[in-house]
Every structure is written in structure tokens, then in C-alpha cells.
Amino acid sequence: MNHDASYNGVTIQSSTYAQCKDLTLSNGEKMPTLDDLLKILKNSSSQTKLIIEVKSHSTTARTQAAAAAAVNLVKQYGLQNKVEYIAFSWDACTKIKSVDSSAKVAYLNGDKTPQQVKNAGLTGIDYEIGTMRNNSSWFAAARNLGITVNVWTLRSVSDIIEMINRGADYLTTDMPLDAMKYKRHYDLNQ
């Protein structure tokens, strides 16, 4: 499990488990596997959900295989209700839905309308703030279609307030305490 394609010079998708298992993170821990994280989630009573971003791989087949493997491991642990998925790859998103039709899947790339996302059976759009500003009608369109809107990455209070006011369901931000404060204020003063 790693956000970036490589870590300390090791390219994750083209490396073996043996090459990755001893990679040490900046906090001193070893790089976890999805299995490690699912074990923690399985033993947790927290309502926190794990959001799995399936990365695009060198081929469509590899991307789809990674998506299917992630979904199948989540199913193996019986954690479908505690995991959601996101991906920039349309192929990954549609593969996830084909493996688990009940999975919550949001598309990240920003090149599909809410209607296209809904038609594919996905449950949300998860677009960069500039994309949502340029397509402001997508907030209402998504709401009318019953799909969620997440906006990323908000790095100012003004961005947070703007996206709350426009009706984003979720915010990805480097300022979570500020986002929670303004969301509470908004909810109390509607």
C-alpha cells in the first residue's frame, strides 16, 4: 500500500513482495500490505472507512487485475460495508463494480459527467476543485442522480466554505479541523 508509484526508488507495480516488504516508511514502520490494513479494520470498532484508490497500471489488464484483487480481498474479510473505492482509471472503476455490484465507487479523473458516472453504476464523482468550479452544474446534477460529490484537495478556508456552499458531500483537505468547524456551522445555520 503506497500512494505514489514508487517509494525510495522501488517502483511498486513492477516489484515483488520481497522487494517491497522491508521498505521502511518515514515513521519507522514497514510498508503495509492491503492484507495488513484489512486485518486492522476487521478488528476495529471505529466507524472510519478505508478508501482504497486503485492506481492505473502499465496495461488495462493489470489495472483491472489490481482492482479485482483488491475487491476480492475486501470480500474475503467481509468488510464491504467498511470500504469504498476511488480510481482515476475508468477501467478500474467499472471492474470494481463488475466484481462487487454493491461497492461504493467514485471516479476521480474529471472527464465524465455525473450522468455518465451514474450510467456506469458508479456511486460518485471525486473531482479536483478546478474541475468542479468549471462544471458547477454538476453539483445539482449529481444530487438529482443520487450520486455523491467529493472535491479535492482543498487548501484554504475559502475553498472549504465555497465547496460546502455548493453542496459537496465530502471534502478532501489538508485542513480537516477547519472543514469540520465550517461544516458544523453550516449545518447549524441552514
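**Review note: aromatic pairs, pockets and selected residues**

1. Trp90 is partly exposed, with a relative accessibility of 23%. Buried means under 20% relative accessible area and exposed over 50%, with partly exposed in between (1.4 Å probe, protein chains only). The model is predicted: local features need pLDDT of at least 70 and side-chain atom pairs pLDDT 80 or more, while totals for chains, interfaces and linings use all residues. Numbering runs from 1 along each chain as its sequence is written, and side-chain values use heavy atoms, without hydrogens or water.

2. How many aromatic pairs does a search of the whole structure find? It finds four. Phe88 and Trp152 make one edge-to-face pair, with ring centres 5.9 Å apart and 85° between the planes. Rings of Phe, Tyr and Trp (its six-membered ring) pair with centres within 6.5 Å; planes under 30 degrees apart are stacked, over 60 edge-to-face, the rest tilted.

3. This first example joins distant parts of the chain, 64 residues apart. Phe88 sits in the loop between strand 4 (83-87) and helix 4 (90-99), and Trp152 belongs to strand 7 (residues 148-154). Helices (H or I, at least four residues) and strands (E, at least two) are DSSP runs, numbered from the N terminus. Both rings belong to partly exposed residues: Phe88 has 34% relative accessibility, and Trp152 has a relative accessible area of 21%.

4. Trp90 and Tyr107 form another edge-to-face pair, at 4.9 Å centre to centre and 85° between the planes. The partners are 17 residues apart; Trp90 is in helix 4 and Tyr107 in strand 5 (residues 105-107). Is Tyr107 buried or exposed? Tyr107 counts as buried because its relative accessibility is 2%. Trp90, by contrast, is partly exposed at 23%.

5. Trp90 has further neighbours to check. One aromatic cluster takes in Trp90, Tyr107, Tyr127 and Trp138. Lys112 lies over the face of Trp90, 4.8 Å from the ring centre. For such a contact, NZ of Lys or CZ of Arg must be within 6 Å of the ring centre and within 35 degrees of the ring normal.

6. Asn8 deserves a look at its backbone. Its phi is positive, about 50°, although Asn8 is not a glycine. Most residues other than glycine have a negative phi. Asn8 lies in the loop between strand 1 (6-7) and strand 2 (10-11). With a relative accessible area of 59%, Asn8 is exposed.

7. The largest pocket holds about 970 Å³ of space. Its lining has 29 residues, and Met1, Asn2, Ile12, His57 and Ala66 are the closest to its centre. A pocket is an open set of points on a 1 Å grid over the protein atoms alone, where a 1.4 Å probe fits, with protein on both sides within 12 Å along at least five of seven lines; lining residues have an atom within 4 Å of a point. Volume is the space filled by probe spheres set on the points, which are joined across faces, edges and corners.

8. Which element gives the most to this lining? Helix 3 does, with four residues. Helix 1 (17-20), strand 3 (50-53) and helix 3 (60-77) each supply at least two residues of the lining. By class, the lining of the largest pocket has 15 nonpolar, nine polar and five charged residues. Here Ala, Val, Leu, Ile, Met, Phe, Trp, Tyr, Cys and Pro are nonpolar, Asp, Glu, Lys and Arg charged, and the others, Gly among them, polar.

9. The second largest pocket has about 490 Å³ of space. Of its 21 lining residues, Ile51, Ile86, Asp126, Asn150 and Thr172 lie nearest the centre. Strand 3, strand 4, strand 5, strand 6 (124-128), strand 7 and strand 8 (170-173) each supply at least two residues of that lining. Strand 7 gives the most, with four residues. The lining of the second largest pocket divides into 10 nonpolar, six polar and five charged residues.

10. Strand 3 has two unlike faces: Leu50 and Ile52 on the covered one, Ile51 and Glu53 on the uncovered one. Strand 3 and strand 4 run parallel, joined by four bridges. Strands pair if DSSP finds at least two bridges between them. Glu53 stands opposite Ile86 of strand 4.

11. Cys93 is in helix 4. Cys93 is buried, at 0% relative accessibility. C-alpha to C-alpha, Cys93 and Val105 are 6.4 Å apart in space, and 12 residues apart in sequence.

12. Gly78 falls in the loop between helix 3 and strand 4. Gly78 is partly exposed, with 40% relative accessibility. From Gly78 to Met163 the distance is 34 Å, C-alpha to C-alpha, over 85 residues of sequence.
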